[in-house]
Amino acid sequence: MEFTDKTLVCQDCDNEFVFTAGEQAFYKEKGLENEPKRCKECREKRKAARNNQDLQKNQ
Ligand SMILES: [Zn+2]
């Protein structure tokens, strides 16, 4: 199956972001069926927030 870049809208910031062909292939390889709902920036932010919570828990 051929993948093509796809433009999605981030559910956090409403900005458009590109779900690239390479990322789609990666998702497929990992068996992930859902498309990303957030742009990279928001994903990084959430990841950072989660890491902070984990750190606080461990203290
Ligand atoms: Zn976003």
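**Exercise 1. What percentage of the 59 residues of the protein count as buried?**

Solution. Start with the model. It is predicted: local features need pLDDT of at least 70, side-chain atom pairs count only at pLDDT 80 or more, and totals for chains, interfaces and linings use all residues. Residues are numbered from 1 along each chain as its sequence is written. Next, the criterion. A residue is buried if 20 or more other C-beta atoms lie within 10 Å of its own, exposed if 12 or fewer, and partly exposed in between, with C-beta atoms placed from the backbone. The result is 2%.

**Exercise 2. State the element order and assess the overall spread.**

Solution. Count the elements: 2 helices and 2 strands. These are DSSP runs numbered from the N terminus, helices being H or I with at least four residues and strands E with at least two. From the N terminus the order reads β-β-α-α. The radius of gyration is 14 Å, well over the 10 Å that the globule rule gives for 59 residues, so the protein is more spread out than a compact globule. That radius is taken over C-alpha atoms, and the rule is 2.2 Å times the number of residues to the power 0.38. Along the principal axes, the C-alpha atoms fill a box of roughly 50 × 25 × 15 Å.

**Exercise 3. Characterise helix α2.**

Solution. Helix α2 covers residues 40-58. Its 19 residues reach 27 Å from first C-alpha to last, close to the 27 Å expected at 1.5 Å a residue. The expected span is 1.5 Å times one less than the number of residues. Check burial: α2 is hardly covered, with 0 buried residues. Check confidence: α2 has the lowest mean pLDDT (the predictor's confidence in each residue, from 0 to 100), at 91.
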